Amino acid sequence: MLAPVEPVVLEGTRVRMEPLDLARHFEGLCAVGVDPDLWRWTQAIVRSRDDLRRYLDEAARELAEGRSLPFATVDKASGRVAGCTRFSNIEVRNRRVEIGWTWVGREFQRSHVNTEAKYLMMTHAFEVLGCVRVELKTNVLNERSRNAMKRIGCVEEGVLRKHAVNDDGVWRDTIFYGVLDDEWPAVKARLERMMATGPGAR
C-alpha cells in the first residue's frame, strides 16, 4: 500500500516545494502565471487573475478531498514563486501517483527550477510514499513538454485519442509517460547529473 499522501515541504538545494496556500502564494503565482503561452496546450485556459484563481481553487478543493497534493514551486535564491505542480490521480492500492498540472513562469524556464522540482517530487514518490509507478502526461502537440519528459528518462507509453477537452471546448490527444520503481535509480542519477551540470549549476 502507498504511504499517506499528506502535505509536506520538499526542500532541495535551490528549489523548495511548498504545499499550496492561496493566502501565501496567490500573488506570486499571478506574477508568473497569467501568461497565455503557459496554457497553450493545457485543459485549463488562464487569461486573467480570476481564471488563475479558479484553477487554484480547484487544486485546493482536490487537496481538501484527498484527491491531489498541489505545490507552489519556490526558487530559493530569489524567494519568488516560480510555478505550480501537483501529485494527483493517487492510487493507494496500486501504489502510483501522477506528477502533473505543472507550469513554470517564463523567466524560470530552461533553468534549474523544473529539473530540481521533478527530482524532489520523484524522490518523495518512490522513496517516501513507496510508489512503484509515477505517471506524467501532456498534450501530444506539446513538443517542449514531451522533450522535457524524455530528457529526464521517462518512458513514452502511448497516446489516448480525444482524451480530454479544454475550457474552450477543444479536444486533445494525450500522450502518457511513466517511470517505474526499478527504473528510478537510473532516472535519479540522470536528474542529479542534470542538476550538477545544467544552467546556473554550482
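A polar contact is taken here as a pair of N or O atoms within 3.5 Å, where within protein one atom must be able to donate a hydrogen and the other to accept it, and where residues adjacent in sequence count only if both atoms are side-chain atoms. The views show a predicted model, in which local features need pLDDT of at least 70 and side-chain atom pairs count only at pLDDT 80 or more, while totals for chains, interfaces and linings use all residues. Residues are numbered from 1 along each chain as its sequence is written, and side-chain values use heavy atoms, with hydrogens and water left out.

**View 1. Surroundings of Arg 133 in strand 6.** Arg 133 lies in strand 6, residues 133-139, where helices (H or I, at least four residues) and strands (E, at least two) are DSSP runs numbered from the N terminus. Its side chain makes a polar contact of 2.7 Å with the side chain of Glu 157, and another, of 2.8 Å, with the side chain of Glu 135. Arg 133 has a relative accessible area of 18% and is therefore buried, a term that means under 20% relative accessible area, with exposed meaning over 50% and partly exposed in between (1.4 Å probe, protein chains only). Neighbours within four places in sequence aside, the residues in contact with Arg 133 include Arg 95, Phe 126 and Val 179, contact meaning heavy atoms within 4.5 Å.

**View 2. The open sheet and its eight strands.** The strands follow the order 1-2-3-4-5-6-8-7, with mixed pairing; two strands pair if DSSP finds at least two bridges between them. Strand 1 (10-11) and strand 7 (155-165) stand at the edges with a single partner strand each, so one side of each is left without a neighbour in the sheet.

**View 3. Strand 8 with strand 6 and strand 7.** Strand 8 (residues 171-180) runs antiparallel to strand 7, to which seven bridges join it, and it also pairs with strand 6 in the antiparallel sense over seven bridges. Ile 175 in strand 8 is the bridge partner of Val 159 and stands opposite Thr 138 as well, whereas Tyr 177 is the bridge partner of Glu 156. Strand 7 and strand 8 form a hairpin with five residues between them, and Gly 169 in the turn has a positive phi of about 85°. Because seven of its ten residues are buried, strand 8 is largely enclosed by the rest of the structure.

**View 4. Helix 1 against helix 2.** The axes of helix 1 (residues 22-33) and helix 2 (residues 49-64) come within 11 Å and cross at roughly 140°, axes being lines fitted to C-alpha atoms, for helices over the stretch in contact, with angles from 0 to 180 degrees between N-to-C directions. Helix 1 is therefore oblique to helix 2, since angles under 35 degrees count as roughly parallel, over 145 as roughly antiparallel, 65 to 115 as roughly perpendicular and the rest as oblique. Among the residues that meet are Phe 26 and Leu 29 in helix 1 and Leu 52 and Leu 56 in helix 2.

**View 5. Trp 184 in helix 5.** Trp 184, in helix 5 (residues 184-197), counts as buried because its relative accessibility is 5%. Leaving aside neighbours within four places in sequence, its contacts include Tyr 119, Phe 126 and Val 179.
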